[in-house]
Amino acid sequence: MRKAGRACSGIYWSMRYIDMVYSENNSVKIEDLKIAIYADGANIEKMKQMSRLSYIKGFTTNPTLMKKAGVADYVSFAKEALAEIPDRPVSMEVFADDFDKMEREAKEIASWGENVFVKIPVMNTKGDSAIPLIKKLSAEGLHLNVTAVFTIEQVHSVVEAFSEGTENIVSVFAGRILDAGVDAEEIMKQALPICRAKRGTKLLWASVREVFNIVQADRCGADIITVPDEIITKLHNFGKDLTEFSRETVEMFVRDGKSLGFSIL
């Protein structure tokens, strides 16, 4: 527990440092970005720490992140998180793979709070489309975050399924698209006008791999980006002078070389 507490504290103070740098630095400010940064994770203590930071505009999680964080009880975890974060959007995902059970889970999750967005995968493991369910849930007024979206065709289908006047998110897994060697920025640029055509629909850059993804997402017009803990801790490098960064890197090599006690000569 003490180790976890130190880790959470480290993330918090790293982010507080960002606050100070970007409020004082006259060139780069994270607040200048148009995109909304959502924290992506399932460690409740880290979520509490991040909820204190003004530029964290929302939170997302998923079953894989919960497994990684060792969450033992989904409902208890979710309700504790929502009690700590009552004023920002929080996306919670269904676990079922069949659509009847998925629907029941979605309605239960939606009942946990007004700020809850229910994450529905765009298809199940059989490859069957979730569009009929998305259309049904949207018609009933649920806030939806449709996840695991990879193609423009999926974006079209999802946005068409949303009811007018509802608030929804389309989560395009740009990081995984990049992993496939495909230009995710181009897909996001194509997805943007599709989402804009349906009022209340926001485009989200998901599956972040590096800090530069935030810049990419911002410049292609995405509304939201989900940023995991390990990337948030690197945000203090955002806008750093590269010559100074070079010097710090050499300093690290020298320091680590000395600590090893190696001798070449």
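1. A pocket, as the word is used here, is an open set of grid points with protein on both sides within 12 Å along at least five of seven lines. In this predicted model, the largest pocket has a volume of about 1000 Å³. Its lining is made up of 39 residues. Those nearest the centre are Asn62, Thr64, Leu65, Phe173 and Arg176.

2. Next, the elements around the largest pocket. Two helices and three strands each supply at least two lining residues: α3 (63-69), α11 (229-232), β4 (116-121), β5 (144-149) and β8 (224-228). Helix α3 provides the largest share, five residues. By class, the lining of the largest pocket has 17 nonpolar, 12 polar and 10 charged residues.

3. The second largest pocket has a volume of about 220 Å³. It is lined by 15 residues, and the closest to its centre are Tyr38, Pro89, Phe117, Glu167 and Lys202. Strands β1 and β6 (168-172) are the elements that give two or more residues to this lining. The lining of the second largest pocket divides into six nonpolar, four polar and five charged residues.

4. Now the enclosed space. How many cavities of 30 Å³ or more does the structure hold? There is one. About 50 Å³ of space lies in the largest cavity. The residues that line the largest cavity are Ala39, Asp40, Gly41, Ala42, Asn43, Lys46, Met47, Met50, Phe59, Thr60 and Asp229.

5. Which elements supply at least two residues each to the lining of the largest cavity? They are β1 (36-40), α2 (44-50) and β2 (56-60). Helix α2 gives the most, with three residues. The class count for this lining is five nonpolar, three polar and three charged residues. Strand β1 thus appears twice in this note: it supplies at least two residues to the cavity lining, and two or more to the lining of the second largest pocket.

6. On to helix packing. Helix α7 (residues 152-161) packs against helix α9 (residues 184-196) at an angle of about 15°. Their axes are 10 Å apart. An angle under 35 degrees counts as roughly parallel, so α7 and α9 are roughly parallel to each other. The crossing of α7 past α9 is right-handed.

7. Which residues make the contact between α7 and α9? From α7 come Ile152, Val155, His156 and Val159. From α9 come Ile187, Gln190, Ala191, Ile194 and Cys195. By class, this contact has seven nonpolar and two polar residues, with no charged ones.

8. A second helix pair is α5 (residues 99-110) with α6 (residues 131-139). Their axes come within 11 Å and cross at roughly 30°. That angle makes α5 roughly parallel to α6. The α5 and α6 crossing is right-handed.

9. The contact between α5 and α6 is made by residues of both helices. Helix α5 contributes Phe99, Met102, Glu103, Ala106 and Lys107. Helix α6 contributes Leu133, Lys136 and Leu137. By class, the contact of α5 with α6 has five nonpolar, no polar and three charged residues.

10. For a look at the model, three places are useful starting points. One is the largest pocket, with Phe173 and Arg176 among the residues nearest its centre. Another is the largest cavity, where Met47 and Met50 are among the lining residues. The third is the contact of α7 with α9, including Val155 and Ile187.

Note on methods: Residues numbered from 1 in each chain as written. Predicted model: local features only at pLDDT ≥ 70, side-chain atom pairs only at ≥ 80, totals over all residues. Heavy atoms only, no water. 1 Å grid on protein atoms, 1.4 Å probe; cavity = no way out; pocket = protein on both sides within 12 Å on 5 of 7 lines; lining within 4 Å. Points joined across faces, edges and corners; volume = space filled by probe spheres on them. Helix = DSSP H or I, 4+ residues; strand = E, 2+ residues; numbered from the N terminus. Nonpolar A, V, L, I, M, F, W, Y, C, P; charged D, E, K, R; others polar. Axes fitted to C-alpha atoms, helices over the stretch in contact; angles between N-to-C directions. Parallel < 35°, antiparallel > 145°, perpendicular 65-115°, else oblique. Left-handed = near helix turned anticlockwise from the far one by under 90°. Contact = heavy atoms within 4.5 Å.
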